[in-house]
Amino acid sequence: MSGTPLRDVISLNPLFARPGENTSAPRYTLPPDPMLPETAYQIVHDEAMLDGNARLNLATFVSTWMDRWADRLYSESYDKNAIDKDEYPQTAAMETYCWRMLADLWHSPDPAGAIGCSTTGSSEACMLGGLALKRRWQERRRAEGKPTDRPNLVMSSAVQVCWEKFCDYFDVEPRRVPISLDHKVLDGWELDRYVDENTIGVVAIMGVTYTGMYEPVAQIAAALDDIQAKTGLDVPIHVDGASGGMIAPFIQPELAWDFRIARVASINTSGHKYGLVYPGLGWVVWRSADLLPQSLIFKVSYLGGEMPTFAINFSRPGAQVLLQYWAFLRFGFEGYRQVQQATADVARHLAAEIAAMGPFELWNDASDIPVFAWMLKDDPARAWTLYDLSDRLRMKGWQVPAYPMPADLTGLTVQRIVVRNGLGMDLADRLLDDIRTQAAYLDRTGATSGESASAFHH
Ligand SMILES: Cc1ncc(COP(=O)(O)O)c(C=O)c1O
(Lines give C-alpha, C1' and ligand atoms only; values in the text may rest on other atoms or scores of the structure.)
Protein backbone atom coordinates (compact mmCIF):
# COMPACT_ATOMS: atom_id res chain seq x y z
CA MET A 1 0.00 0.00 0.00
CA SER A 2 3.00 2.28 0.20
CA GLY A 3 2.45 5.41 -1.86
CA THR A 4 -1.36 5.11 -1.60
CA PRO A 5 -2.90 8.22 0.01
CA LEU A 6 -4.27 7.61 3.52
CA ARG A 7 -7.79 8.49 2.46
CA ASP A 8 -7.80 5.73 -0.18
CA VAL A 9 -6.36 3.25 2.28
CA ILE A 10 -9.22 4.05 4.62
CA SER A 11 -11.96 3.98 2.05
CA LEU A 12 -10.66 0.71 0.62
CA ASN A 13 -10.37 -0.91 4.01
CA PRO A 14 -13.39 -2.89 5.09
CA LEU A 15 -15.66 -1.05 7.48
CA PHE A 16 -14.89 -1.64 11.18
CA ALA A 17 -11.32 -2.69 10.33
CA ARG A 18 -9.93 0.70 9.46
CA PRO A 19 -7.97 3.08 11.68
CA GLY A 20 -10.19 4.67 14.32
CA GLU A 21 -12.74 1.85 14.25
CA ASN A 22 -10.48 -0.94 15.35
CA THR A 23 -9.55 0.99 18.50
CA SER A 24 -11.62 2.52 21.32
CA ALA A 25 -12.67 6.13 20.87
CA PRO A 26 -11.72 8.42 23.76
CA ARG A 27 -14.62 9.21 26.04
CA TYR A 28 -13.51 11.90 28.41
CA THR A 29 -10.64 13.73 26.70
CA LEU A 30 -10.62 15.35 23.29
CA PRO A 31 -8.82 13.07 20.80
CA PRO A 32 -5.44 14.58 19.90
CA ASP A 33 -5.98 14.24 16.14
CA PRO A 34 -8.85 14.49 13.68
CA MET A 35 -10.49 11.43 12.18
CA LEU A 36 -12.41 11.01 8.98
CA PRO A 37 -16.00 12.25 9.21
CA GLU A 38 -17.35 8.84 8.18
CA THR A 39 -15.37 7.12 10.92
CA ALA A 40 -16.64 9.60 13.52
CA TYR A 41 -20.15 9.16 12.12
CA GLN A 42 -19.94 5.39 12.43
CA ILE A 43 -18.73 5.55 16.02
CA VAL A 44 -21.48 7.96 17.12
CA HIS A 45 -24.13 6.14 15.10
CA ASP A 46 -23.16 2.81 16.62
CA GLU A 47 -23.20 4.06 20.18
CA ALA A 48 -26.62 5.68 19.60
CA MET A 49 -27.86 2.25 18.42
CA LEU A 50 -27.68 1.18 22.06
CA ASP A 51 -30.43 3.66 22.95
CA GLY A 52 -33.96 2.34 23.15
CA ASN A 53 -36.25 2.32 20.14
CA ALA A 54 -38.06 5.69 20.26
CA ARG A 55 -41.34 4.32 18.85
CA LEU A 56 -41.48 1.64 21.57
CA ASN A 57 -40.85 4.22 24.28
CA LEU A 58 -44.23 4.45 25.97
CA ALA A 59 -42.78 6.54 28.79
CA THR A 60 -42.36 9.74 26.85
CA PHE A 61 -45.01 12.26 25.85
CA VAL A 62 -42.74 13.67 23.17
CA SER A 63 -43.24 13.11 19.44
CA THR A 64 -41.20 10.34 17.95
CA TRP A 65 -42.71 10.38 14.50
CA MET A 66 -43.36 12.94 11.78
CA ASP A 67 -43.89 12.26 8.11
CA ARG A 68 -41.35 12.72 5.35
CA TRP A 69 -42.55 16.22 4.40
CA ALA A 70 -41.82 17.35 7.92
CA ASP A 71 -38.46 15.60 7.76
CA ARG A 72 -37.72 17.46 4.55
CA LEU A 73 -38.70 20.82 6.01
CA TYR A 74 -36.64 20.04 9.09
CA SER A 75 -33.54 19.30 7.03
CA GLU A 76 -34.05 22.56 5.12
CA SER A 77 -34.28 24.67 8.27
CA TYR A 78 -32.09 23.20 10.98
CA ASP A 79 -29.64 26.10 10.56
CA LYS A 80 -32.17 28.74 11.63
CA ASN A 81 -31.76 30.34 15.03
CA ALA A 82 -35.17 31.35 16.40
CA ILE A 83 -33.75 34.39 18.18
CA ASP A 84 -32.43 35.97 14.97
CA LYS A 85 -35.75 37.57 14.23
CA ASP A 86 -34.19 40.30 12.15
CA GLU A 87 -32.34 37.80 9.98
CA TYR A 88 -35.24 35.34 9.77
CA PRO A 89 -38.29 37.59 9.89
CA GLN A 90 -40.53 34.96 8.34
CA THR A 91 -39.62 32.42 11.00
CA ALA A 92 -40.60 35.10 13.52
CA ALA A 93 -43.82 35.72 11.60
CA MET A 94 -44.63 32.00 11.59
CA GLU A 95 -44.06 31.91 15.36
CA THR A 96 -46.71 34.61 15.69
CA TYR A 97 -49.11 32.76 13.38
CA CYS A 98 -48.77 29.71 15.63
CA TRP A 99 -49.43 31.29 19.01
CA ARG A 100 -52.28 33.34 17.51
CA MET A 101 -53.80 30.09 16.28
CA LEU A 102 -53.39 28.63 19.77
CA ALA A 103 -55.00 31.71 21.37
CA ASP A 104 -57.94 31.20 19.03
CA LEU A 105 -58.07 27.43 19.62
CA TRP A 106 -58.11 28.09 23.39
CA HIS A 107 -61.04 30.48 23.03
CA SER A 108 -59.27 33.71 23.73
CA PRO A 109 -62.01 36.37 23.75
CA ASP A 110 -59.67 38.54 21.66
CA PRO A 111 -56.83 36.57 19.96
CA ALA A 112 -55.45 39.79 18.46
CA GLY A 113 -55.11 41.24 21.96
CA ALA A 114 -53.45 38.10 23.36
CA ILE A 115 -49.70 37.69 23.61
CA GLY A 116 -47.58 34.58 23.39
CA CYS A 117 -44.31 33.04 22.30
CA SER A 118 -42.58 29.79 21.55
CA THR A 119 -40.17 28.16 23.99
CA THR A 120 -37.96 25.09 24.10
CA GLY A 121 -40.73 23.10 25.74
CA SER A 122 -43.39 23.30 28.40
CA SER A 123 -40.80 23.62 31.17
CA GLU A 124 -39.60 26.96 29.85
CA ALA A 125 -43.18 27.96 29.03
CA CYS A 126 -44.24 27.19 32.63
CA MET A 127 -41.32 29.23 33.96
CA LEU A 128 -42.48 32.19 31.87
CA GLY A 129 -46.10 31.74 32.97
CA GLY A 130 -44.96 31.53 36.60
CA LEU A 131 -42.69 34.56 36.27
CA ALA A 132 -45.52 36.65 34.88
CA LEU A 133 -47.74 35.61 37.82
CA LYS A 134 -44.99 36.48 40.28
CA ARG A 135 -44.15 39.84 38.73
CA ARG A 136 -47.82 40.89 38.53
CA TRP A 137 -48.34 39.99 42.17
CA GLN A 138 -45.16 41.89 43.13
CA GLU A 139 -46.16 44.99 41.18
CA ARG A 140 -49.65 44.99 42.71
CA ARG A 141 -48.32 44.47 46.22
CA ARG A 142 -45.71 47.21 45.82
CA ALA A 143 -48.37 49.61 44.57
CA GLU A 144 -50.35 48.79 47.73
CA GLY A 145 -47.26 49.32 49.90
CA LYS A 146 -47.30 45.66 51.00
CA PRO A 147 -44.35 43.26 51.38
CA THR A 148 -43.35 41.05 48.45
CA ASP A 149 -40.87 38.73 50.08
CA ARG A 150 -42.99 35.58 50.54
CA PRO A 151 -44.79 34.66 47.32
CA ASN A 152 -46.38 31.22 47.08
CA LEU A 153 -47.85 29.14 44.28
CA VAL A 154 -50.62 26.62 44.89
CA MET A 155 -50.53 23.36 42.94
CA SER A 156 -51.17 19.65 43.19
CA SER A 157 -48.53 17.40 44.74
CA ALA A 158 -48.56 15.65 41.36
CA VAL A 159 -47.23 18.59 39.34
CA GLN A 160 -44.49 17.97 36.82
CA VAL A 161 -41.01 18.71 38.13
CA CYS A 162 -40.80 21.97 36.15
CA TRP A 163 -43.09 23.60 38.75
CA GLU A 164 -40.86 22.45 41.58
CA LYS A 165 -37.94 23.92 39.65
CA PHE A 166 -39.79 27.18 39.05
CA CYS A 167 -40.45 27.56 42.77
CA ASP A 168 -36.91 26.64 43.70
CA TYR A 169 -35.14 28.74 41.07
CA PHE A 170 -37.33 31.82 41.51
CA ASP A 171 -37.84 31.79 45.27
CA VAL A 172 -41.52 31.01 45.38
CA GLU A 173 -42.94 28.79 48.11
CA PRO A 174 -44.62 25.75 46.56
CA ARG A 175 -47.91 24.97 48.30
CA ARG A 176 -48.66 21.39 47.34
CA VAL A 177 -52.18 20.08 47.71
CA PRO A 178 -51.76 16.33 48.21
CA ILE A 179 -53.65 13.97 45.95
CA SER A 180 -55.43 11.02 47.56
CA LEU A 181 -57.69 8.17 46.62
CA ASP A 182 -60.66 10.51 47.25
CA HIS A 183 -59.13 13.48 45.44
CA LYS A 184 -57.09 11.99 42.64
CA VAL A 185 -56.35 15.45 41.22
CA LEU A 186 -56.39 19.04 42.45
CA ASP A 187 -60.12 19.74 42.37
CA GLY A 188 -60.61 22.86 44.48
CA TRP A 189 -61.36 20.91 47.66
CA GLU A 190 -60.11 22.82 50.74
CA LEU A 191 -58.34 25.29 48.46
CA ASP A 192 -58.98 28.04 50.99
CA ARG A 193 -56.49 26.33 53.32
CA TYR A 194 -53.71 26.97 50.79
CA VAL A 195 -54.53 30.35 49.25
CA ASP A 196 -53.67 33.62 50.99
CA GLU A 197 -52.63 37.18 50.13
CA ASN A 198 -49.17 35.93 49.08
CA THR A 199 -50.53 33.48 46.52
CA ILE A 200 -49.34 34.49 43.06
CA GLY A 201 -51.58 31.95 41.36
CA VAL A 202 -52.90 28.40 41.16
CA VAL A 203 -51.60 25.88 38.63
CA ALA A 204 -54.24 23.63 37.08
CA ILE A 205 -52.93 20.72 35.04
CA MET A 206 -54.65 19.50 31.91
CA GLY A 207 -53.16 16.04 31.83
CA VAL A 208 -51.40 15.18 35.10
CA THR A 209 -48.02 13.69 34.22
CA TYR A 210 -48.35 10.76 36.61
CA THR A 211 -51.69 9.55 35.33
CA GLY A 212 -52.97 11.63 32.43
CA MET A 213 -56.05 12.89 34.30
CA TYR A 214 -57.44 16.39 33.79
CA GLU A 215 -57.78 18.73 36.74
CA PRO A 216 -61.25 20.33 36.67
CA VAL A 217 -60.24 23.90 35.84
CA ALA A 218 -63.81 25.25 36.06
CA GLN A 219 -64.25 23.72 39.52
CA ILE A 220 -60.93 25.15 40.69
CA ALA A 221 -61.97 28.55 39.32
CA ALA A 222 -65.31 28.28 41.16
CA ALA A 223 -63.45 27.54 44.42
CA LEU A 224 -61.33 30.64 43.79
CA ASP A 225 -64.50 32.66 43.10
CA ASP A 226 -65.77 31.61 46.55
CA ILE A 227 -62.45 32.59 48.11
CA GLN A 228 -62.65 35.97 46.40
CA ALA A 229 -66.20 36.52 47.59
CA LYS A 230 -65.11 35.80 51.18
CA THR A 231 -61.68 37.43 51.29
CA GLY A 232 -61.40 39.76 48.31
CA LEU A 233 -58.34 37.84 47.04
CA ASP A 234 -58.38 37.65 43.24
CA VAL A 235 -56.12 34.70 42.38
CA PRO A 236 -55.35 33.90 38.73
CA ILE A 237 -54.95 30.42 37.22
CA HIS A 238 -52.18 29.25 34.94
CA VAL A 239 -53.23 26.12 33.05
CA ASP A 240 -50.41 23.67 32.42
CA GLY A 241 -51.75 22.14 29.24
CA ALA A 242 -48.42 20.50 28.35
CA SER A 243 -50.33 17.55 26.89
CA GLY A 244 -54.03 18.32 27.23
CA GLY A 245 -53.75 21.74 25.59
CA MET A 246 -53.53 19.94 22.27
CA ILE A 247 -55.98 17.12 23.09
CA ALA A 248 -59.00 18.72 24.78
CA PRO A 249 -59.81 21.24 22.01
CA PHE A 250 -60.13 18.40 19.52
CA ILE A 251 -61.72 15.48 21.33
CA GLN A 252 -63.40 17.11 24.33
CA PRO A 253 -64.43 20.40 22.68
CA GLU A 254 -67.32 20.92 25.09
CA LEU A 255 -65.02 20.88 28.13
CA ALA A 256 -64.37 24.46 29.29
CA TRP A 257 -60.84 24.57 30.72
CA ASP A 258 -59.24 27.39 28.74
CA PHE A 259 -59.76 31.15 28.23
CA ARG A 260 -63.51 30.50 28.37
CA ILE A 261 -62.87 30.63 32.12
CA ALA A 262 -62.24 34.26 33.04
CA ARG A 263 -59.78 33.39 35.80
CA VAL A 264 -57.40 31.63 33.38
CA ALA A 265 -54.60 34.13 32.76
CA SER A 266 -52.19 31.98 30.78
CA ILE A 267 -51.84 28.54 29.21
CA ASN A 268 -48.85 26.54 28.07
CA THR A 269 -48.54 23.50 25.85
CA SER A 270 -45.74 21.41 24.40
CA GLY A 271 -45.60 21.68 20.63
CA HIS A 272 -43.44 18.59 20.83
CA LYS A 273 -46.08 16.49 22.60
CA TYR A 274 -49.58 16.35 21.16
CA GLY A 275 -48.68 19.37 19.02
CA LEU A 276 -47.11 16.58 16.92
CA VAL A 277 -43.68 18.20 16.39
CA TYR A 278 -40.23 16.72 17.11
CA PRO A 279 -38.59 17.63 20.47
CA GLY A 280 -37.62 21.19 21.28
CA LEU A 281 -40.84 23.23 21.18
CA GLY A 282 -43.29 24.69 23.67
CA TRP A 283 -45.83 27.52 23.68
CA VAL A 284 -47.23 29.94 26.21
CA VAL A 285 -50.12 32.32 25.62
CA TRP A 286 -51.53 35.04 27.90
CA ARG A 287 -55.19 35.98 27.66
CA SER A 288 -54.25 39.62 27.08
CA ALA A 289 -51.03 41.58 26.67
CA ASP A 290 -51.46 43.38 30.01
CA LEU A 291 -51.09 40.06 31.85
CA LEU A 292 -47.45 39.88 30.75
CA PRO A 293 -45.72 42.70 32.67
CA GLN A 294 -43.62 44.93 30.43
CA SER A 295 -40.89 44.86 33.06
CA LEU A 296 -40.16 41.23 32.09
CA ILE A 297 -39.50 42.08 28.45
CA PHE A 298 -35.95 42.91 27.43
CA LYS A 299 -35.09 44.80 24.27
CA VAL A 300 -31.88 43.91 22.42
CA SER A 301 -30.38 45.80 19.52
CA TYR A 302 -27.39 43.65 18.62
CA LEU A 303 -29.30 41.43 16.22
CA GLY A 304 -30.43 44.40 14.13
CA GLY A 305 -33.67 46.25 14.73
CA GLU A 306 -34.90 46.48 18.30
CA MET A 307 -35.96 43.09 19.41
CA PRO A 308 -38.25 42.50 22.37
CA THR A 309 -37.39 39.21 24.05
CA PHE A 310 -39.02 37.33 26.88
CA ALA A 311 -37.53 33.87 27.20
CA ILE A 312 -35.01 32.02 29.29
CA ASN A 313 -32.98 30.85 26.32
CA PHE A 314 -31.51 33.21 23.79
CA SER A 315 -30.41 31.05 20.84
CA ARG A 316 -32.42 27.95 20.04
CA PRO A 317 -33.56 26.07 16.97
CA GLY A 318 -36.07 27.84 14.73
CA ALA A 319 -36.85 24.72 12.69
CA GLN A 320 -39.38 23.44 15.22
CA VAL A 321 -41.42 26.61 14.81
CA LEU A 322 -41.60 25.94 11.08
CA LEU A 323 -42.58 22.35 11.79
CA GLN A 324 -45.39 23.53 14.06
CA TYR A 325 -46.75 25.87 11.42
CA TRP A 326 -46.44 23.04 8.90
CA ALA A 327 -48.38 20.72 11.22
CA PHE A 328 -51.12 23.33 11.77
CA LEU A 329 -51.48 23.77 8.00
CA ARG A 330 -51.15 20.10 7.18
CA PHE A 331 -53.65 18.80 9.73
CA GLY A 332 -56.02 21.69 10.31
CA PHE A 333 -58.64 21.25 13.01
CA GLU A 334 -60.16 18.14 11.46
CA GLY A 335 -56.79 16.45 10.93
CA TYR A 336 -55.77 17.04 14.54
CA ARG A 337 -59.15 15.74 15.66
CA GLN A 338 -58.68 12.54 13.70
CA VAL A 339 -55.13 11.97 14.92
CA GLN A 340 -55.97 12.65 18.57
CA GLN A 341 -59.12 10.54 18.39
CA ALA A 342 -57.22 7.62 16.86
CA THR A 343 -54.59 7.94 19.59
CA ALA A 344 -57.29 8.08 22.26
CA ASP A 345 -58.98 4.99 20.78
CA VAL A 346 -55.74 3.03 21.06
CA ALA A 347 -55.21 4.21 24.66
CA ARG A 348 -58.75 3.27 25.69
CA HIS A 349 -58.42 -0.12 24.01
CA LEU A 350 -55.15 -0.78 25.86
CA ALA A 351 -56.65 0.36 29.16
CA ALA A 352 -59.73 -1.85 28.77
CA GLU A 353 -57.67 -4.92 27.81
CA ILE A 354 -55.18 -4.41 30.64
CA ALA A 355 -58.06 -4.07 33.11
CA ALA A 356 -59.52 -7.33 31.78
CA MET A 357 -56.29 -9.31 32.26
CA GLY A 358 -56.96 -9.92 35.95
CA PRO A 359 -53.96 -8.84 38.05
CA PHE A 360 -54.28 -5.13 37.29
CA GLU A 361 -56.59 -2.35 38.43
CA LEU A 362 -56.79 0.89 36.47
CA TRP A 363 -56.09 4.21 38.18
CA ASN A 364 -57.76 5.90 35.19
CA ASP A 365 -59.06 4.74 31.84
CA ALA A 366 -57.48 7.18 29.35
CA SER A 367 -60.70 9.12 28.97
CA ASP A 368 -58.84 12.45 29.33
CA ILE A 369 -55.51 12.50 27.47
CA PRO A 370 -54.42 9.20 25.82
CA VAL A 371 -52.46 8.25 28.94
CA PHE A 372 -53.42 5.88 31.72
CA ALA A 373 -51.90 4.20 34.74
CA TRP A 374 -52.66 1.00 36.58
CA MET A 375 -51.78 -0.73 39.84
CA LEU A 376 -51.41 -4.35 40.87
CA LYS A 377 -54.36 -5.75 42.80
CA ASP A 378 -53.49 -7.05 46.25
CA ASP A 379 -52.61 -10.76 46.08
CA PRO A 380 -50.39 -12.24 48.83
CA ALA A 381 -49.50 -15.15 46.54
CA ARG A 382 -47.93 -12.91 43.92
CA ALA A 383 -44.12 -12.64 44.09
CA TRP A 384 -43.58 -9.92 41.50
CA THR A 385 -44.14 -6.20 41.13
CA LEU A 386 -44.81 -3.73 38.36
CA TYR A 387 -41.07 -3.03 38.35
CA ASP A 388 -40.50 -6.66 37.33
CA LEU A 389 -43.07 -6.36 34.59
CA SER A 390 -41.39 -3.17 33.41
CA ASP A 391 -38.04 -5.05 33.26
CA ARG A 392 -39.54 -7.96 31.33
CA LEU A 393 -41.19 -5.66 28.79
CA ARG A 394 -37.92 -3.81 28.37
CA MET A 395 -36.36 -7.07 27.21
CA LYS A 396 -38.89 -7.04 24.39
CA GLY A 397 -37.98 -3.43 23.55
CA TRP A 398 -41.01 -1.76 25.20
CA GLN A 399 -40.37 0.97 27.72
CA VAL A 400 -43.32 1.03 30.12
CA PRO A 401 -42.20 2.71 33.35
CA ALA A 402 -43.32 1.80 36.86
CA TYR A 403 -42.94 4.42 39.61
CA PRO A 404 -44.30 5.51 42.98
CA MET A 405 -47.10 8.08 43.14
CA PRO A 406 -46.28 11.51 44.67
CA ALA A 407 -46.50 12.74 48.28
CA ASP A 408 -49.02 11.01 50.54
CA LEU A 409 -49.39 8.14 48.08
CA THR A 410 -45.74 7.16 47.67
CA GLY A 411 -46.52 3.64 48.91
CA LEU A 412 -48.54 3.12 45.75
CA THR A 413 -46.73 1.94 42.64
CA VAL A 414 -48.29 2.50 39.24
CA GLN A 415 -47.30 1.68 35.71
CA ARG A 416 -48.15 4.07 32.91
CA ILE A 417 -48.56 4.06 29.14
CA VAL A 418 -48.45 7.23 27.07
CA VAL A 419 -50.00 6.59 23.67
CA ARG A 420 -48.76 8.86 20.89
CA ASN A 421 -49.34 9.18 17.20
CA GLY A 422 -47.28 6.28 15.88
CA LEU A 423 -48.59 3.55 18.19
CA GLY A 424 -51.26 2.06 15.98
CA MET A 425 -53.92 -0.44 17.03
CA ASP A 426 -52.01 -3.37 15.56
CA LEU A 427 -48.77 -2.55 17.38
CA ALA A 428 -50.80 -1.97 20.56
CA ASP A 429 -52.17 -5.51 20.26
CA ARG A 430 -48.61 -6.85 20.07
CA LEU A 431 -47.90 -4.92 23.29
CA LEU A 432 -50.93 -6.55 24.94
CA ASP A 433 -49.65 -9.98 23.86
CA ASP A 434 -46.31 -9.18 25.47
CA ILE A 435 -47.89 -7.94 28.71
CA ARG A 436 -49.96 -11.14 28.96
CA THR A 437 -46.96 -13.37 28.21
CA GLN A 438 -44.64 -11.57 30.61
CA ALA A 439 -47.20 -11.47 33.44
CA ALA A 440 -47.71 -15.23 33.00
CA TYR A 441 -43.93 -15.72 33.01
CA LEU A 442 -43.62 -13.75 36.24
CA ASP A 443 -46.48 -15.77 37.78
CA ARG A 444 -44.41 -18.90 37.09
CA THR A 445 -41.00 -17.57 38.12
CA GLY A 446 -41.61 -14.66 40.52
CA ALA A 447 -39.37 -11.60 40.73
CA THR A 448 -36.13 -12.17 38.89
CA SER A 449 -34.02 -9.03 39.04
CA GLY A 450 -32.25 -7.77 42.15
CA GLU A 451 -33.21 -4.23 41.22
CA SER A 452 -36.88 -5.03 41.14
CA ALA A 453 -36.63 -7.05 44.33
CA SER A 454 -35.31 -3.94 46.08
CA ALA A 455 -37.99 -1.83 44.44
CA PHE A 456 -40.49 -4.37 45.80
CA HIS A 457 -39.25 -3.72 49.35
CA HIS A 458 -39.16 0.01 48.68
C1 LIG B 1 -47.98 18.51 32.96
C2 LIG B 1 -46.61 18.75 32.43
N3 LIG B 1 -46.05 19.97 32.55
C4 LIG B 1 -44.82 20.26 32.08
C5 LIG B 1 -44.07 19.29 31.47
C6 LIG B 1 -42.69 19.64 30.95
O7 LIG B 1 -42.75 19.64 29.58
P8 LIG B 1 -41.49 19.68 28.60
O9 LIG B 1 -40.96 18.28 28.62
O10 LIG B 1 -42.10 20.06 27.29
O11 LIG B 1 -40.51 20.68 29.12
C12 LIG B 1 -44.59 17.99 31.31
C13 LIG B 1 -43.80 16.93 30.67
O14 LIG B 1 -44.13 15.77 30.69
C15 LIG B 1 -45.89 17.73 31.80
O16 LIG B 1 -46.45 16.51 31.67
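This tour moves from the ligand to the helices around it and then to a bent helix, in a model that is predicted.

Begin by selecting the ligand together with its surroundings, where 15 residues form the shell, the closest being Gly121, Ser122, Ser123, Gln160 and Ala242. If you colour this shell by residue character, you should find five nonpolar residues, nine polar ones and one that is charged. Next, highlight helix α5, residues 122-143, since three residues of the shell belong to this helix, the largest share that the shell takes from one source.

Keep α5 on screen and add helix α6, residues 161-169, which packs against α5 at an angle of about 45° with the two axes 9 Å apart. The two helices are therefore oblique to each other, and the crossing in which α5 passes α6 is right-handed.

Now select helix α9, residues 319-356, and look along its length for Gly332, on which a kink of about 85° is centred. The end C-alpha atoms of α9 are only 44 Å apart, whereas a straight helix of 38 residues would span 56 Å at 1.5 Å a residue. Just after α9, pick out Gly358, a residue with a positive phi near 120°.

Finally, with α9 still selected, add helix α4, residues 89-105, whose axis comes within 9 Å of the axis of α9 and crosses that axis at roughly 50°. That angle makes α4 oblique to α9, and here the crossing is left-handed.

Technical notes
Residues numbered from 1 in each chain as written. Predicted model: local features only at pLDDT ≥ 70, side-chain atom pairs only at ≥ 80, totals over all residues. Near = placed C-beta within 6 Å. Helix = DSSP H or I, 4+ residues; strand = E, 2+ residues; numbered from the N terminus. Nonpolar A, V, L, I, M, F, W, Y, C, P; charged D, E, K, R; others polar. Expected span 1.5 Å × (residues − 1). Bend = angle between axes of the 7 residues up to and from the residue. Axes fitted to C-alpha atoms, helices over the stretch in contact; angles between N-to-C directions. Parallel < 35°, antiparallel > 145°, perpendicular 65-115°, else oblique. Left-handed = near helix turned anticlockwise from the far one by under 90°.
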